[in-house]
Amino acid sequence: MGYAGLLMTLDEAHVTTIAVEPKRHRAKIGTRLMLVLMREAVERGATAITLEVRITNLGAQDMYRRFGFVPAGVRKNYYQEVNEDALVMWAHEVDQPEYAALLDSIERTLPGETVIDDGKRW
Ligand SMILES: CC(C)(COP(=O)(O)OP(=O)(O)OC[C@H]1O[C@@H](n2cnc3c(N)ncnc32)[C@H](O)[C@@H]1OP(=O)(O)O)[C@@H](O)C(=O)NCCC(=O)NCCS
């Protein structure tokens with residue numbers, strides 16, 4: 001249904017990829033993936049998390065804003081195949097209790113339960 005990837009460099013995490021099957025968009029799967037990814041990043045020692053997003057991808061940017069990401073700059077022609085700039089976004093102080101509370105508040109808006117298979121940690 002969807003996937004997401006994270007790259008850790010010391011205390012910084014980078015969301016490398018996130019996508020949801022088109023027919024399942026707007027069913028909070030992206031939010032659920034982000035929730036798990038953000039918690040995993042913090043658990044692995046991240047104090048800040050960054051990502052790039054296409055400048056025209058306002059829907060994804062909206063989702064990231066809800067997770068505390070703010071714009072920090074533009075990478076020109078980052079997506080060379082479509083000749084499009086990337087907006088660089090950062091979420092800071094993700095190791096603080098306020099960020100954990102933000103994630104908890106997002107989780108409360110999700111339907112059902114988020115089940116994590118601990119047997120398959122990467
Ligand atoms: C971005 C993406 C992963 C979001 O996944 P999703 O499961 O549809 O997202 P959610 O249902 O959790 O949406 C969470 C919020 O993000 C925002 N959002 C997501 N998609 C949106 C869209 N197409 N238009 C406007 N807002 C959107 C909304 O605020 C939404 O909350 P709402 O539905 O309560 O209004 C999905 O659209 C996708 O796979 N897109 C193609 C790949 C991509 O762009 N990846 C990001 C690259 S940086």
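Arg-75 is a convenient place to enter this predicted model: with a relative accessibility of 38%, Arg-75 counts as partly exposed, because its value falls between the limits of 20% and 50%. The residue sits in strand β4. Its C-alpha atom is separated by 9.7 Å from that of Val-53, although the two positions lie 22 residues apart along the chain count.

Strand β4 also leads to a pair of aromatic residues. The model holds two aromatic pairs. In the pair formed by Tyr-78 and Tyr-79, the ring centres are 4.9 Å apart and the planes meet at 85 degrees, so the arrangement is edge-to-face. The angle is what decides this, because planes over 60 degrees apart are classed in that way. The two tyrosines are not alike in their accessibility: Tyr-78 is partly exposed, with a relative accessible area of 38%, whereas Tyr-79 counts as buried at 18%. For Tyr-79 the label follows because its value is under 20%.

Attention can now turn to the open space in the protein. The largest pocket holds about 870 Å³, and 28 residues line it. Those nearest its centre are Asn-57, Gly-59, Ala-60, Met-63 and Tyr-64. Several elements take part in the lining, with β2 (12–20), α1 (29–43), β3 (48–54), α2 (58–66) and β4 (70–79) each supplying at least two residues. Strand β2 gives the largest share, namely seven residues. In terms of residue class, the lining is made up of 13 nonpolar, eight polar and seven charged residues.

The model also contains a ligand, with 19 residues around it. Val-20, Gly-30, Thr-31, Asn-57 and Asp-62 come nearest to the ligand. Asn-57 thus appears both among the residues nearest the centre of the largest pocket and among those nearest the ligand. A polar atom in the side chain of Asn-57 is 2.7 Å from a ligand oxygen. Arg-66 likewise places a polar side-chain atom 3.1 Å from an oxygen atom of the ligand. At Gly-59 the backbone is involved instead, with one of its polar atoms 3.3 Å from a nitrogen atom of the ligand.

Helix α2 deserves a closer look, starting with Ala-60. This residue lies in the helix and is one of those nearest the centre of the largest pocket. Ala-60 is buried, with a relative accessible area of 16%. Its C-alpha atom lies 10.0 Å from that of Thr-31, a residue 29 positions away in sequence, and Thr-31 is itself among the residues that come nearest the ligand. Gln-61 belongs to helix α2 as well. At 5% relative accessibility Gln-61 counts as buried, and its side chain reaches the backbone oxygen of Ile-55 at 3.1 Å.

Helix α1 offers two further residues to follow. Arg-39 is located in this helix and, at 29% relative accessibility, counts as partly exposed. The C-alpha atoms of Arg-39 and Val-94 are 9.0 Å apart, while the residues are separated by 55 positions along the chain. Val-36 is found in helix α1 too, and its relative accessibility of 25% makes it partly exposed. From Val-36 to His-92 the distance is 17 Å, C-alpha to C-alpha, with 56 residues of separation in sequence.

Finally, two loop residues have backbone angles worth inspecting. Asn-83 is not a glycine, yet its phi is positive, at about 55 degrees. The residue is placed in the loop between β4 and β5 (84–92), and at 61% relative accessibility Asn-83 counts as exposed. Glu-93, also a residue other than glycine, has a positive phi near 55 degrees. Glu-93 lies in the loop between β5 and α3 (97–108) and counts as exposed at 56% relative accessibility. Both labels follow because exposed residues are those with over 50% relative accessible area.

Notes. Residues numbered from 1 in each chain as written. Predicted model: local features only at pLDDT ≥ 70, side-chain atom pairs only at ≥ 80, totals over all residues. Heavy atoms only, no water. Phe/Tyr/Trp six-rings, centres within 6.5 Å; stacked < 30°, edge-to-face > 60°. Buried < 20%, exposed > 50% of the residue type's maximum accessible area, 1.4 Å probe, protein only. 1 Å grid on protein atoms, 1.4 Å probe; cavity = no way out; pocket = protein on both sides within 12 Å on 5 of 7 lines; lining within 4 Å. Points joined across faces, edges and corners; volume = space filled by probe spheres on them. Helix = DSSP H or I, 4+ residues; strand = E, 2+ residues; numbered from the N terminus. Nonpolar A, V, L, I, M, F, W, Y, C, P; charged D, E, K, R; others polar. Near = heavy atom within 4 Å. Polar contact = N/O pair within 3.5 Å; in protein donor to acceptor, adjacent residues only side chain to side chain.
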